[in-house]
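I opened a fresh page for this chain and set down what I wanted to look up: the overall build, the sheet, one helix, and any unusual backbone geometry.

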Amino acid sequence: MELEQHIDKQSFLRVGLIGDPVAHSYSPRFQQAAFDACGIPARYELWQTGESELPARVASLLVPQSLGANITIPYKEAVLPLLDVVDPLATRIGAVNTIVHRNEYLYGYNTDAPGLLHALLELGVGKLREPHYLAALQGDNRLNTKDAFSFAGYTAVLLGAGGAARGAAFALVNASVERLIIVNRKLERAQRLAAELQQESNCQVFCLNDPEFLIPYPTSLIINATPVGMHVADKEGNKEAENASPMPAEVLARFAPDTVVFDMVYNPTQSQLLCQARTLGLRAVNGLSMLLHQGALAFTLWAGRPAPLEVMRSTLL
Ligand code: NAP
């Protein structure tokens with residue numbers, strides 16, 4: 001109903017990605033395909049935004065033709081105070097990746113956390129507690145995955161403590177992961193996140209700022225939630241970041257052969273971390289499946305209807 005009101009008044013609707021950088025993103029590709037497939041006259045754009053421009057950029061989402069936005073690196077935490085209403089899940093996580101413009105207010109949501117769990121489940125990592133649970137859920141109810149998934153028995157090693165890492169950490173802890181080890185460059189940031197997580201569950205959470213000190217456990221899931229390894233085309237064409245890995249190969253080599261390495265980075269599709277993992281015979285998966293699922297949940301929030309998942313998926317193949 002809300003979407004139809006927007007369409008009646010305006011010739012086309014706008015939605016986009018706010019971040020710095022944004023050029024690496026595949027979101028326009030599959031979100032545009034979804035709007036087109038549903039016959040919704042909307043354009044998905046990239047909105048490169050410097051830190052000082054963030055408040056004005058978010059305020060600009062209040063124009064009538066705006067559906068909202070996605071938020072990416074490095075603003076998922078910084079955007080919270082700029083919104084009118086923040087969904088309880090996103091408030092707990094402390095990070096927003098989707099803004100919806102509804103009835104002249106800006107609402108914040110986190111679709112990264114459920115998007116990651118949906119992606120891992122599709123890959124056969126973790127379990128559904130109730131086999132029919134997902135089929136019974138509709139629309140944005142799929143955001144609330146509490147009690148739906150189980151990662152019992154897994155040790156998760158989370159590289160990063162920023163916006164995306166926060167979503168992953170809360171999602172895994174709520175899905176009963178046995179142990180969570182957060183490795184972050186700034187140790188205090190990881191410790192702050194660990195303290196918040198400990199209020200939510202009895203899960204053991206450890207923090208490190210150097211992966212060299214990691215002690216591998218069996219049945220490990222390593223998740224990279226840092227941009228290290230991401231393709232960033234700077235003005236000089238410098239691709240140094242793309243050839244870097246957030247975990248030294250010698251450390252990765254200590255993990256058991258059943259270890260799954262999930263890199264949220266998807267551009268390039270084979271990051272340095274994933275190449276190292278494959279060379280060692282570990283299962284290595286890029287962030288495209290998470291991108292798809294977090295994006296499908298965001299689409300549902302903007303459009304008020306289920307996302308055409310297979311249309312979106314086909315643009316990422
Ligand atoms: P963010 O909030 O800015 O957090 C970045 C994190 O990475 C922080 O923990 C930061 O550590 C760490 N970091 C940054 N540069 C580093 C470096 N050179 N060496 C070591 N650590 C570094 O960013 P975000 O929104 O969480 O995004 C993180 C990455 O995940 C991005 O590449 C993003 O594209 C990707 N992502 C992908 C998906 C998907 O659907 N596939 C979804 C969400 C995010 P400090 O705390 O020490 O600064």
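The entries below go from the whole chain to single residues.

**Entry 1: the whole chain**

I began by noting that this is a predicted model, and I have kept that in mind for every value I wrote down. I then looked up the secondary structure and found twelve helices and 14 strands in the chain. For the overall dimensions I took the C-alpha trace, which spans about 60 × 50 × 35 Å along its principal axes. I next asked how the radius of gyration of the chain compares with that of a compact globule. For 317 residues such a globule would have a value near 20 Å, and the chain has 19 Å, which agrees.

I looked up burial and found that 54% of the 317 residues count as buried. The chain exposes about 13800 Å², and carbon and sulfur atoms supply 52% of that area. Among contacts with a separation of 6 or more, 70% come from residues 24 or more positions apart. I also checked the charges, and the mean positions of the 25 positive and 31 negative ones are 2 Å apart.

**Entry 2: the six-stranded sheet**

I turned to the sheet and asked in what order its six strands lie. The order I found is β2-β1-β3-β5-β6-β4, in an open sheet with mixed pairing. The edges are held by β2 (42–48) and β4 (85–86), each of which has a single partner strand, so one side of each is left without a neighbour in the sheet.

I then went through several of the pairings. Between β1 and β2 I found seven bridges in the parallel sense, and there Gly 19 stands opposite Gln 48 in β2. β1 is also joined to β3, with five bridges and again a parallel run, and I noted Val 15 opposite Gly 68 in β3. The pairing of β3 with β5 is antiparallel and has three bridges, with Ala 69 standing opposite Ile 99 in β5. At β4, two bridges make the join to β6 (residues 105–109), and these two strands run parallel; here Val 86 stands opposite Gly 108 in β6.

I wanted to know how many residues of β1 and β3 are buried. In β1 six of its seven residues are buried, and in β3 the count is six of six, so I entered both strands as mostly covered.

**Entry 3: helix α2**

I looked up which residues of α2 (residues 27–37) are buried, and I listed Ser 27, Pro 28, Phe 30, Gln 31, Ala 33, Ala 34 and Phe 35. What covers these buried residues includes three strands of the sheet, β1 (13–19), β2 and β3, together with the helices α11 (288–303) and α12 (309–314). After α2 comes Gly 39, and I recorded its phi as positive, near 70°.

**Entry 4: unusual backbone geometry**

I kept one general point in view here: most residues other than glycine have a negative phi, and most peptide bonds are trans.

I first asked where cis peptide bonds join a residue to a proline. One joins Ile 73 and Pro 74, with omega about 0°, and Pro 74 has its place in the loop between β3 (66–71) and β4. Another joins Asn 267 and Pro 268, with omega about 15°, and I placed Pro 268 in the loop between β13 (260–263) and α10 (272–279).

I then looked up positive phi values in residues other than glycine. Glu 104 has phi near 65° and is found in the loop between β5 (98–102) and β6. I asked whether Glu 104 is buried or exposed, and with a relative accessible area of 68% Glu 104 is exposed. Ser 176 has phi near 60° and lies in the loop between α7 (163–174) and β10 (179–183); with a relative accessible area of 33%, Ser 176 is partly exposed.

**Entry 5: Ala 253**

My last look was at Ala 253, which lies in the loop between α9 (249–252) and β13. Ala 253 is partly exposed, with a relative accessible area of 43%. From C-alpha to C-alpha, Ala 253 and Leu 282 are 9.2 Å apart in space, while in sequence they are 29 residues apart.

Definitions and conventions. Residues are numbered from 1 along each chain as its sequence is written. This is a predicted model: local features need pLDDT of at least 70, side-chain atom pairs count only at pLDDT 80 or more; totals for chains, interfaces and linings use all residues. Side-chain values use heavy atoms; hydrogens and water are left out. Helices (H or I, at least four residues) and strands (E, at least two) are DSSP runs, numbered from the N terminus. The radius of gyration is taken over C-alpha atoms; the globule rule is 2.2 Å times the number of residues to the power 0.38. Buried means under 20% relative accessible area, exposed over 50%, partly exposed in between (1.4 Å probe, protein chains only). Contact means heavy atoms within 4.5 Å. Accessible areas come from the Shrake-Rupley method with a 1.4 Å probe; for residues, only the protein chains shown count as cover. Lys and Arg count as positive and Asp and Glu as negative; His and the chain ends are not counted. The place of a charge is taken as NZ of Lys, CZ of Arg, CG of Asp or CD of Glu. Two strands pair if DSSP finds at least two bridges between them.
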